[in-house]
Amino acid sequence: MKIKSLALIILSCISAFSAEINGIVIKVYDGDTITIRENNTGFTFRVAIYGIDAPEKRQPGDKEATEYLSEMVLNKNIKAILIKTDQNGRLVAKIYHNNTNIGDKMVKRNDLRRKKRLNIKKVLIAIIIFVLV
């Protein structure tokens, strides 16, 4: 049921080339994954931050990255611009708080690796496939 609801939200939000979620970050899993509660519907979404590769749990630097991300976004209003879904079915999005790109800030602060960028055609195909499934 959650996937169908998510698909409907994404479908209704798609304009031009992006879909957007505005909400509050209610959980930080690690240095690049958060849960957002959408402001209007109350639905929750697990989202990976686009463009970065933070250390996983129990890897060197994981606590520092998680703490820094928590300081920046936990219990704060953010805007997530959806880019794609990953191989695990998570949404992948650019995250903004007060017009600051959180992924860029994480990279500058923590020496995180940047992931490869996708071209816009691949992004649109990923969103359409996700909505149709």
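# Reading the labels on a predicted model

Tutor: The protein's secondary structure comes to four helices and eight strands. This is a predicted model: local features need pLDDT of at least 70, side-chain atom pairs count only at pLDDT 80 or more, and totals for chains, interfaces and linings use all residues. Residues are numbered from 1 along each chain as its sequence is written, and side-chain values use heavy atoms, with hydrogens and water left out.

Student: What makes a stretch a helix or a strand?

Tutor: Both are DSSP runs, numbered from the N terminus: helices are H or I with at least four residues, strands are E with at least two. From the N terminus on, the elements run α-β-β-β-β-α-β-β-β-α-β-α.

Student: Why is Val25 called buried or exposed?

Tutor: Buried means under 20% relative accessible area, exposed means over 50%, and partly exposed lies in between (1.4 Å probe, protein chains only). Val25 has 0% relative accessibility, so Val25 counts as buried. Its place is in strand β1. The C-alpha atoms of Val25 and Ser70 are separated by 9.0 Å, though the two are 45 residues apart along the chain.

Student: What about Gly23 and Asn22 in terms of burial?

Tutor: Gly23 lies in strand β1. Its relative accessibility is 0%, so Gly23 is buried. Gly23 and Phe43 are 20 residues apart in sequence and 9.4 Å apart in space, C-alpha to C-alpha. Asn22 is found in strand β1 too. Its relative accessible area is 31%, so Asn22 is partly exposed. From Asn22 to Ile95 it is 73 residues in sequence and 9.8 Å in space, C-alpha to C-alpha.

Student: How do you know whether Tyr50 is buried or exposed?

Tutor: Tyr50 has 9% relative accessibility, therefore Tyr50 counts as buried. Tyr50 sits in the loop between β3 and β4 (52–53). Tyr50 and Leu91 are 41 residues apart along the chain, and their C-alpha atoms are separated by 9.1 Å. Across the protein, buried residues make up 43% of the 133 residues.

Student: What makes a group of residues a nonpolar core?

Tutor: A nonpolar core is a set of buried Ala, Val, Leu, Ile, Met, Phe, Trp, Tyr and Cys residues joined through side-chain atoms within 4.5 Å. The largest one here has 24 residues, of which Ile34, Ile36, Leu69, Val73 and Ile95 touch the most other members. At least two residues each come from β1 (19–30), β2 (33–38), β3, α2 (62–73), β5 (77–85), β6 (91–97) and α3 (102–110). The largest share, five residues, comes from α2. In soluble globular proteins, nonpolar side chains tend to be buried together.

Student: Why is the contact of Arg90 and Asp86 called a salt bridge?

Tutor: A salt bridge needs a side-chain nitrogen of Lys or Arg within 4 Å of a carboxyl oxygen of Asp or Glu. The side chains of Arg90 and Asp86 meet at 2.7 Å, N to O, so the pair fits the definition. A search of the whole structure finds one salt bridge.

Student: Which of the two partners is buried, and which is partly exposed?

Tutor: Asp86 has 13% relative accessibility, so Asp86 counts as buried. Arg90 has 22%, so Arg90 counts as partly exposed.

Student: What makes Lys27, Arg46, Lys57 and Arg58 a patch of positive charge?

Tutor: Lys and Arg count as positive and Asp and Glu as negative, while His and the chain ends are not counted. Patch residues have over 30% relative accessible area and no salt bridge; like charges are joined within 9 Å, nonpolar side chains (Val, Leu, Ile, Met, Phe, Trp, Tyr) within 5 Å. Each charge is placed at NZ of Lys, CZ of Arg, CG of Asp or CD of Glu. Areas come from the Shrake-Rupley method with a 1.4 Å probe, and for residues only the protein chains shown count as cover. Lys27, Arg46, Lys57 and Arg58 gather in such a patch on the surface. Take Arg46, in strand β3 (residues 44–49). Its relative accessible area is 42%, so Arg46 is partly exposed.

Student: What is notable about phi at Asn98 and Asn99?

Tutor: Asn98 has a positive phi of about 50° although it is not a glycine. Phi of Asn99 is near 65°, again positive in a residue other than glycine. Asn98 lies in the loop between β6 and β7 (100–101), and Asn99 has its place in the loop between β6 and β7.

Student: Why are they called exposed?

Tutor: Asn98 has 64% relative accessibility, so Asn98 counts as exposed. Asn99 has 71%, so Asn99 counts as exposed.
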